[in-house]
Amino acid sequence: MIMLQDTKIKASFETSTHVVAHVFKVTLYNRLLSMVSGYALNQIVIEFERVYYAGKNPFHCGCVMRTTYGLPCARELSRYVLGTIPLETIHMFWQRLSFSNQGLSEPQVI
């Protein structure tokens, strides 16, 4: 059963690296495609919809996405309306698209 779940998760990761939704074909997301998880991209799209009424005012924005998820909030996204969102604005957690344990070592028994 765990092997089946592992296979489903790996397939989901693989799909998120290759399939690009229509909403992400805008210049705004060019630097993030294939570099950030699909879930994070969807959260950014939802937050980007708030840009028009939250704008650059931190009081209206609340910066919840930045403090909770490590993703750009509406106030930050308002800076990139005519450009692209830099990869540096995304927390490293959302940039890991592999499910391997590469770099992890087994504890040594002495």
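# Exercises on an all-helix chain

Of the contacts in the protein chain with a separation of 6 or more, 48% are between residues 24 or more positions apart. Keep in mind that this is a predicted model.

**Exercise 1. Work out the basic layout of the protein chain: how many helices and strands are there, and what share of the residues is buried?**

Step 1: Go through the secondary structure. You should find six helices and zero strands, and from the N terminus on the order reads α-α-α-α-α-α.

Step 2: Turn to burial. The chain has 110 residues, and 35% of them are buried.

Step 3: Add the surface. Its accessible area is about 8000 Å², and carbon and sulfur atoms contribute 61% of that.

**Exercise 2. Find out where Cys 63 sits, and decide whether this residue is buried or exposed.**

Step 1: Place the residue. Cys 63 belongs to the loop that joins α4 (58-61) to α5 (64-69).

Step 2: Check the backbone. Phi is positive here, about 55 degrees, even though Cys 63 isn't a glycine.

Step 3: Compare its accessibility with the cut-off. Buried means under 20% relative accessible area; Cys 63 comes in at 13%, so it is buried.

**Exercise 3. Which residues does Gln 43 contact, once neighbours within four places in sequence are left aside?**

Step 1: Locate it. Gln 43 is part of helix α2, which covers residues 38-49.

Step 2: Look at its cover. With 15% relative accessibility, Gln 43 is a buried residue.

Step 3: List the partners. Leaving out those sequence neighbours, Gln 43 touches Met 65 and Leu 71.

**Exercise 4. Take the aromatic pairs apart: how many are there, and which residues form one cluster?**

Step 1: Count them. There are three aromatic pairs.

Step 2: Classify one of them. The ring centres of Tyr 39 and Trp 94 are 5.7 Å apart and their planes meet at 25 degrees; planes under 30 degrees apart count as stacked, so this pair is stacked.

Step 3: Ask what the pair connects. Tyr 39 is in helix α2, while Trp 94 is in the segment after α6 (74-77), so the contact ties together parts that are 55 residues apart in sequence.

Step 4: Move on to Phe 93. Phe 93 and Trp 94 pair edge-to-face, with 4.9 Å centre to centre and 85 degrees between the planes.

Step 5: Compare the exposure of the three residues. Trp 94 is buried at 11%, Tyr 39 is partly exposed at 43%, and Phe 93 is exposed at 57%.

Step 6: Put it together. Tyr 39, Phe 93 and Trp 94 make up one aromatic cluster.

Notes: Residues are numbered from 1 along each chain as its sequence is written. This is a predicted model: local features need pLDDT of at least 70, side-chain atom pairs count only at pLDDT 80 or more; totals for chains, interfaces and linings use all residues. Side-chain values use heavy atoms; hydrogens and water are left out. Helices (H or I, at least four residues) and strands (E, at least two) are DSSP runs, numbered from the N terminus. Buried means under 20% relative accessible area, exposed over 50%, partly exposed in between (1.4 Å probe, protein chains only). Contact means heavy atoms within 4.5 Å. Accessible areas come from the Shrake-Rupley method with a 1.4 Å probe; for residues, only the protein chains shown count as cover. Rings of Phe, Tyr and Trp (its six-membered ring) pair if their centres lie within 6.5 Å; planes under 30 degrees apart count as stacked, over 60 as edge-to-face and the rest as tilted.
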